[in-house]
Amino acid sequence: MLSQLIYVSVRANECSDSEIQKILESSIRNNAKIDITGVLLYSDKKFLQCLEGDYDEIMALYDKIKLDKRHKNVVLITVGMIKERFFPSWQMGSKKINSDYEFSTKMSLSEKKDFNAILKGEKPTESKAIDLIKKFF
Amino acid sequence: MYKLEEKRNKLNDINAIEFGENIQEITTSMEIIMMLFQVDDDKEIIAACKNKLIQGIDLLKKLGQNDISNSFKMNV
Ligand SMILES: Cc1cc2nc3c(=O)[nH]c(=O)nc-3n(C[C@H](O)[C@H](O)[C@H](O)COP(=O)(O)O)c2cc1C
């Protein structure tokens, strides 16, 4: 059952930007194997991650991610069924919020445009959760 | 069943929050709780969020008071 999960957490002080690169590398490697896509947003203080895929797979991954010492106080915001993926071609897209950034993924130009639009609040969407992403940081 | 599991997970996550003693970490944790508080409409989840937020506020007060008493000590 195709589902989407969104959680937020507090970035640990020890979690440097290079640690985030490592997280993204393992995410891209592991998520592809289990057909999970999504996006990881981060600021100096917080993470917000959206995971999409089979319900059991994303719940199992969520439980694993919660144990990671690079963040704490992980809180589930929403999990539910979706008809289609919001981030179909990203094994794990990422974006540092509140600064100039480059997407470190191989997404298409139109997806970049869509995502930017979502973050700027320009793209109307029915998903409360996705609405949140743009409000969060 | 999924709804129940979602609720259980949210309650567990909120109840497991540890603020620590770093003011910035406390406020960031509180922001995260606020986020769930804003989007959820389940009574129990709202209550759990409120409880945690109050704990956070109390902690901030306590730490603030420590700051004030420390600064008095320094001034004497
Ligand atoms: C905020 C955050 C998000 C993460 N997201 C993922 C993810 O989407 N997929 C993943 O496999 N690991 C993710 N991780 C890393 C896992 O906790 C774990 O370190 C990793 O899966 C181990 O991979 P390995 O067994 O290939 O070394 C994340 C960690 C953090 C702190």
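In which sense do S1(A) and S3(A) pair, and over how many bridges? The two strands pair in the antiparallel sense, over nine bridges. This is a predicted model. The report starts with chain A as a whole, then turns to its sheet, its helices and a helix of chain B.

**Chain A overall**

Chain A has four helices and five strands. From the N terminus on, the order of elements is β-α-β-β-α-β-β-α-α. The chain holds 137 residues, and 51% of them count as buried. Its exposed area is about 6900 Å², with 50% supplied by carbon and sulfur atoms. Take the contacts in chain A with a separation of 6 or more: residues 24 or more positions apart account for 74% of them.

**The sheet**

The five strands of chain A form an open sheet with mixed pairing. Their order is S4-S1-S3-S2-S5. At the edges lie S4 (71-81) and S5 (93-96) of chain A, each paired on one side only. Neighbouring strands are turned by 15° against each other on average, direction ignored.

Helices pack on this sheet. Helix H1 (residues 17-33) of chain A touches S1, S2 (37-42), S3 (46-54) and S5 of chain A. The direction of H1(A) makes about 175° with that of S2(A). Helix H2 (residues 55-66) of chain A also packs on the sheet, touching S1, S3 and S4 of chain A. The direction of H2(A) makes about 150° with that of S3(A).

**Strand pairs**

Strands of a sheet pair through backbone hydrogen bonds, in a parallel or an antiparallel way. The table gives three pairs from chain A, all antiparallel.

| Strand pair | Sense | Bridges |
|---|---|---|
| S1(A) and S3(A) | antiparallel | nine bridges |
| S1(A) and S4(A) | antiparallel | eight bridges |
| S2(A) and S3(A) | antiparallel | six bridges |

Single residues show how the strands line up. Ser3(A) has Gly53(A) in S3(A) as its bridge partner. For Ile6(A), the partner in S3(A) is Cys50(A). Towards S4(A), Val10(A) is partnered by Lys72(A), and Arg11(A) by His71(A). Leu41(A) has its bridge partner in S3(A) too, namely Leu48(A). S2(A) and S3(A) are joined by a hairpin of three residues.

**Burial in the strands**

Why is S1(A) largely enclosed by the rest of the structure? Nine of its 10 residues are buried, so the rest of the structure largely encloses S1(A). S3(A) is largely enclosed as well, because eight of its nine residues are buried.

Gln4(A) is found in S1 (residues 2-11) of chain A. Does that residue count as buried or exposed? Gln4(A) counts as buried, because its relative accessibility is 6% and the cut-off for buried is under 20%. The side chain of Gln4(A) also makes a polar contact, at 3.2 Å, with the side chain of Glu52(A).

**A helix of chain B**

Helix H1 of chain B covers residues 2-15, which is 14 residues. From first C-alpha to last, H1(B) reaches 20 Å. That is close to the 20 Å expected at 1.5 Å a residue. Which residues of H1(B) are buried? They are Glu5(B), Glu6(B), Asn9(B), Lys10(B), Leu11(B), Asp13(B) and Ile14(B).

Notes:
Residues are numbered from 1 along each chain as its sequence is written. Chains are lettered from A and ligands numbered from 1 in the order in which they are written. This is a predicted model: local features need pLDDT of at least 70, side-chain atom pairs count only at pLDDT 80 or more; totals for chains, interfaces and linings use all residues. Side-chain values use heavy atoms; hydrogens and water are left out. Buried means under 20% relative accessible area, exposed over 50%, partly exposed in between (1.4 Å probe, protein chains only). A polar contact is a pair of N or O atoms within 3.5 Å; within protein, one must be able to donate a hydrogen and the other to accept it, and residues adjacent in sequence count only if both atoms are side-chain atoms. The expected span of a helix is 1.5 Å times one less than its number of residues. Two strands pair if DSSP finds at least two bridges between them. Axes are lines fitted to C-alpha atoms, for helices over the stretch in contact, and angles run from 0 to 180 degrees between N-to-C directions. Contact means heavy atoms within 4.5 Å. Accessible areas come from the Shrake-Rupley method with a 1.4 Å probe; for residues, only the protein chains shown count as cover.
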